[in-house]
Amino acid sequence: MAEPERTEAPCCSTLTTQQLQQNLRAEKKRERPVRLLFEIPTTRIIEHLLSKYVVYDIVVMRSGSFDSRRVSVERRYSDFSRLHHDLLEEFGDELEEVVLPPKLLSGNFSADIISKRRLALQDYLARLYAARCARHAPRFARFFTEPEQKRAHGLLRAGKFTLATQQLQTVLEVEEKLLPWQHPTLSVPTLAALAVCHRDLEEAEPAFAAAQKALPATRRYGLKQYQAALLELLVDLGYQLGRPTATLQHELTLLRDAERGEATTRSLKEIVVQNFT
């Protein structure tokens, strides 16, 4: 009886090489350091009865294909100047090579001057970010978020929750880009304010999502004031949405038993309003 004809196994060396190359490219992409990038693509001139100034539209993004959303904020030269002054006071010689473009006494509104100033301020932000002390400083983060945060909380206190939510969403998007270089609790106040706004707009799902997203950092870093108020809100919203709440309720009970007093009895809205008064 003749032996069955043997068939050679397909050569897979080419396939293996392709796989290795793909894996190597993927690994290099994963190891590529994430950086903040700044661009000032446009400017506009604001005129009031007694004042006139230029505002610069700053686009903030993180390097890498995963960050496709560009978020922008507007700042005046005076905002840059205050930032530079505050950081110099805090870090001194560590920032001696980071130079803010000088203030101009005339010609501020010519197209040529505005274009040069725009590029100079864009370069200034890149140099500032390159200084480790600056990019990790809370003051650096506040430069990109504080004006919008103040507007949002003014709108919240006025009961204009939809407009407040729009401002807070911009703040949150910027904070999420800054988080790798800032304290992990950076976005807790913003998420808490978003939860309050959505709750008052009777939008239970996004309110629950914002509160749920804020909770882990409050646990890990001992923000018990926020933690208790967030848990209380989550339990209430959980009942409305038909979500399981027993674990949240148990955590809230333990927290209140351990930390009796005003800090754990105020509502999330009271905490949000007080912290930005």
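User: Quick one to start: is Asp200 buried, partly exposed or exposed?

Analyst: In this predicted model, Asp200 is partly exposed, and its relative accessible area comes to 32%.

User: What does Asp200 form a salt bridge with?

Analyst: Asp200 forms a salt bridge with Lys269, and the closest N and O atoms of the two are 2.6 Å apart. Because Asp200 lies in helix α7 (residues 188-200) and Lys269 lies in helix α11 (residues 268-275), the pair ties together parts that are 69 residues apart in sequence. Lys269 is partly exposed as well, with a relative accessible area of 35%.

User: Let me step back a bit. How many helices and strands does the protein chain have?

Analyst: The protein chain has 11 helices and three strands. Read from the N terminus on, the order of the elements is α-β-β-β-α-α-α-α-α-α-α-α-α-α.

User: And how much of the chain is buried?

Analyst: Of the 277 residues in the protein chain, 40% are buried. As for the outside, the chain exposes about 16600 Å², and carbon and sulfur atoms supply 51% of that area.

User: What share of the contacts join residues at least 24 apart?

Analyst: If you take the contacts in the protein chain between residues at least 6 apart in sequence, 61% of them join residues at least 24 apart.

User: Back to salt bridges, how many does the structure hold?

Analyst: The structure holds 15 salt bridges. One of them is between the side chains of Glu74 and Arg44, with an N to O distance of 2.7 Å. Glu74 lies in strand β3 (residues 71-76) and Arg44 in strand β1 (residues 36-47), so this pair ties together parts of the chain that are 30 residues apart in sequence.

User: Are Glu74 and Arg44 buried or exposed?

Analyst: Glu74 is partly exposed, with a relative accessible area of 33%, and Arg44 also counts as partly exposed, at 43% relative accessibility.

User: What about Arg219, which residue does that one form a salt bridge with?

Analyst: Arg219 forms a salt bridge with Glu251, where the closest N and O atoms are 2.8 Å apart. This pair links distant parts of the chain, with Arg219 in helix α8 (residues 204-220) and Glu251 in helix α10 (residues 246-258), 32 residues apart. Arg219 counts as partly exposed at 42% relative accessibility, whereas Glu251 is at 17%.

User: Why does Glu251 count as buried?

Analyst: Glu251 counts as buried because its relative accessibility is 17%, and buried means under 20% relative accessible area.

User: Which residues do salt bridges with shared partners join into one network?

Analyst: Arg75, Glu148 and Arg151 are joined into one network by salt bridges that share partners.

User: Changing topic: which residues form the negative surface patch?

Analyst: Asp93, Glu94, Glu96 and Glu97 form a negative surface patch. Glu94, one of these residues, lies in the loop between α2 (77-91) and α3 (111-130), and at 55% relative accessibility Glu94 counts as exposed.

User: Where is Glu202, and what is its phi like?

Analyst: Glu202 is found in the loop between α7 and α8. Although Glu202 is not a glycine, it has a positive phi of about 60 degrees. Glu202 counts as exposed, at 74% relative accessibility.

User: There's also Leu223. Where is it found, and which residues does it touch?

Analyst: Leu223 is found in the loop between α8 and α9. Leaving aside residues up to four places away in sequence, Leu223 touches Thr185, Val188 and Thr218. The C-alpha atoms of Leu223 and Val188 are separated by 9.4 Å, and these two residues are 35 residues apart along the chain. Leu223 is partly exposed, with a relative accessible area of 27%.

User: Last ones: where do Ala246 and Asp236 lie?

Analyst: Ala246 is found in helix α10, and Asp236 lies in helix α9 (residues 224-241). Ala246 is exposed, with a relative accessible area of 61%, while Asp236 counts as partly exposed at 30% relative accessibility.

User: And how far are their C-alpha atoms from those of Val235 and Ala204?

Analyst: The C-alpha atoms of Ala246 and Val235, which are 11 residues apart along the chain, are separated by 8.3 Å. For Asp236 and Ala204, which are 32 residues apart along the chain, the C-alpha atoms are separated by 9.8 Å.

How values were computed
Residues are numbered from 1 along each chain as its sequence is written. This is a predicted model: local features need pLDDT of at least 70, side-chain atom pairs count only at pLDDT 80 or more; totals for chains, interfaces and linings use all residues. Side-chain values use heavy atoms; hydrogens and water are left out. Helices (H or I, at least four residues) and strands (E, at least two) are DSSP runs, numbered from the N terminus. Buried means under 20% relative accessible area, exposed over 50%, partly exposed in between (1.4 Å probe, protein chains only). Contact means heavy atoms within 4.5 Å. Accessible areas come from the Shrake-Rupley method with a 1.4 Å probe; for residues, only the protein chains shown count as cover. A salt bridge is a side-chain nitrogen of Lys or Arg within 4 Å of a carboxyl oxygen of Asp or Glu. Patches are made of residues with over 30% relative accessible area and no salt bridge: like charges are joined within 9 Å, nonpolar side chains (Val, Leu, Ile, Met, Phe, Trp, Tyr) within 5 Å. Lys and Arg count as positive and Asp and Glu as negative; His and the chain ends are not counted. The place of a charge is taken as NZ of Lys, CZ of Arg, CG of Asp or CD of Glu.
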